[in-house]
Amino acid sequence: MPADSGIAEAAAVLRDGGLVAFPTETVYGLGANALDARAAARIFEAKARPSFDPLITHLADTADLEKLVGPVRPAVAALAERFWPGPLTLIVDRPAEIPPIVTSGLDTMAVRVPDEPSARALIRAAGVPVAAPSANRFGQLSPTRAEHVVKGLGAAVEVVLDGGPTRCGIESTIVDARGAQPVVLRLGALALEELVEAVGPVSVRPGSSGQPVAPGTLAAHYAPRTPLRVVGGTQPAPAAGGRRGFLAFRERPADGYAAVEVLSPAGDVTEAAARLFDALHRLDAAGVTEILAEAAPDTGVGRAINDRLRRAAATWDPAG
């Protein structure tokens with residue numbers, strides 16, 4: 001149902017322990033009442049998500065953070081004040097009200113305030129914090145349109161709020177700012193340059209192959225069903241007799257590919273990020289046997305694009 005007119009009904013579903021898919025500025029989220037352990041368990045079931053991968057808790061307003069968790073470290077509060085609402089997820093200590101299933105047993109919790117009016121309106125109307133990973137089957141492409149959610153999860157979700165294509169098109173940046181220097185646990189829609197400008201030097205922790213310390217940080221993730229390979233440098237010519245797809249950053253490749261998607265003819269990494277998952281969904285549905293993906297410039301949110309492509313490719317690594 002339309003995101004602007006379905007808020008009241010969707011909020012009632014959340015309060016009753018149901019699942020609601022809703023748009024944020026990053027990707028569509030699969031939401032449940034974060035205070036309800038059984039509702040949160042339904043997220044893991046619907047996504048076929050392993051129980052060791054924690055969820056992000058979403059709040060309606062920045063002021064709700066201390067209402068839920070109490071006083072936070074000064075650096076955490078400063079980042080929340082600077083970048084919320086927005087595509088930044090912060091790590092805080094888990095409050096007693098949040099059941100351990102939401103954080104996969106960790107003593108910490110990932111939390112953010114989305115920069116999408118309908119998402120905040122939904123959380124406000126529900127009257128509870130909302131746990132919400134991306135609204136897709138675990139490990140597969142994140143949804144940036146309501147139809148991606150319906151195709152991937154179907155009847156596992158009571159309500160899908162349709163807010164059109166998401167603005168950022170890539171997940172939030174996750175930062176742990178509780179220590180002496182902020183640590184970026186997941187690259188995302190908030191560029192490193194903006195973080196550094198706000199807080200000074202940060203470190204970046206690569207994805208994990210074991211117990212994740214934050215949502216969406218597994219080394220292999222975000223993958224289409226079609227095998228994907230990242231290419232750099234000169235665009236390769238299409239193989240004779242094959243049905244390959246090509247994901248180009250800026251320029252179309254030579255003729256001969258069965259399907260081609262160009263992320264940004266203008267060479268804009270923000271535009272490319274917004275189109276990334278939508279383009280991969282189309283290539284995945286095109287019946288190709290392999291997707292070749294051209295890396296983006298490794299600057300700004302281009303780093304997050306390349307991070308998602310590397311993880312998608314790692315899913316299909318024969319050595320992995």
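At the start of helix α8, a side-chain oxygen of Asp 268 comes to within 2.8 Å of the backbone nitrogen of Thr 270, a polar contact in the sense of two N or O atoms within 3.5 Å. For such a pair within protein, one atom must be able to donate a hydrogen and the other to accept it, and residues adjacent in sequence count only if both atoms are side-chain atoms. This is a predicted model, in which local features need pLDDT of at least 70 and side-chain atom pairs count only at pLDDT 80 or more, while totals for chains, interfaces and linings use all residues. Residues are numbered from 1 along each chain as its sequence is written, and side-chain values use heavy atoms, with hydrogens and water left out.

**Helix α8**

- Helices (H or I, at least four residues) and strands (E, at least two) are DSSP runs, numbered from the N terminus.
- Helix α8 covers residues 269–284, and at 1.5 Å a residue its 16 residues should span 22 Å, which agrees with the 22 Å between its end C-alpha atoms. The expected span is 1.5 Å times one less than the number of residues.
- At Leu 276, α8 bends by about 45 degrees; the bend is the angle between axes fitted to the seven residues ending there and the seven starting there.
- Buried residues of α8 include Val 269, Ala 272, Leu 276, Phe 277 and Leu 283. Buried means under 20% relative accessible area, exposed means over 50%, and partly exposed lies in between (1.4 Å probe, protein chains only).
- Among the elements covering these buried residues are α6 (146–153), β11 (228–231), β12 (244–248) and α9 (302–315); contact here means heavy atoms within 4.5 Å.

**The ten-stranded sheet**

- Ten strands make an open sheet with mixed pairing, in the order β7-β1-β2-β6-β3-β5-β4-β8-β9-β10. Two strands pair if DSSP finds at least two bridges between them.
- The edges are β7 (159–160) and β10 (203–204), each with a single partner strand, so one side of each has no neighbour in the sheet.
- Helix α4 (residues 74–83) packs on this sheet, where it touches β4 (88–93) and β8 (173–176), and its direction makes about 155 degrees with that of β4. Axes are lines fitted to C-alpha atoms, for helices over the stretch in contact, and angles run from 0 to 180 degrees between N-to-C directions.
- Three bridges link β3 (residues 56–58) and β5 (residues 108–112) in the parallel sense, with His 58 opposite Arg 112 in β5.
- Strands β8 and β9 (residues 183–186) run antiparallel and are joined by three bridges; Ile 174 has Arg 186 in β9 as its bridge partner.
- Six residues form the hairpin connection from β8 to β9.
- Next, β9 pairs with β10 in the parallel sense over two bridges, and Val 184 has Val 204 in β10 as its bridge partner.

**The four-stranded sheet**

- A second group of four strands forms an open sheet with parallel pairing, ordered β11-β14-β12-β13.
- Here β11 and β13 stand at the edges with a single partner strand each, so one side of each is left without a neighbour in the sheet.
- Neighbouring strands of this sheet are turned against each other by 20 degrees on average, direction ignored.
- Helix α9 packs on the sheet and touches β11, β12 and β14, its direction making about 135 degrees with that of β11.
- Four bridges pair β12 with β13 in the parallel sense, and Val 262 in β13 is the bridge partner of Ala 248.

**Residues to look at**

- Thr 57 sits in strand β3 and is buried, with a relative accessible area of 0%. Not counting residues up to four places away in sequence, Thr 57 touches residues including Ala 34, Val 102, Met 109 and Pro 129.
- Ser 142, in the loop between β6 (130–131) and α6, counts as buried at 1% relative accessibility.
- The side chains of Ser 142 and Glu 171 are joined by a polar contact of 2.3 Å. Leaving aside neighbours within four places in sequence, Ser 142 also meets α8, being in contact with residues including Phe 277 and His 281.
- Asp 298 lies in the loop between β14 and α9. Its side chain makes a polar contact of 3.2 Å with that of Asn 306.
- Asp 298 and Pro 74 are 224 residues apart in sequence and 31 Å apart in space, C-alpha to C-alpha.
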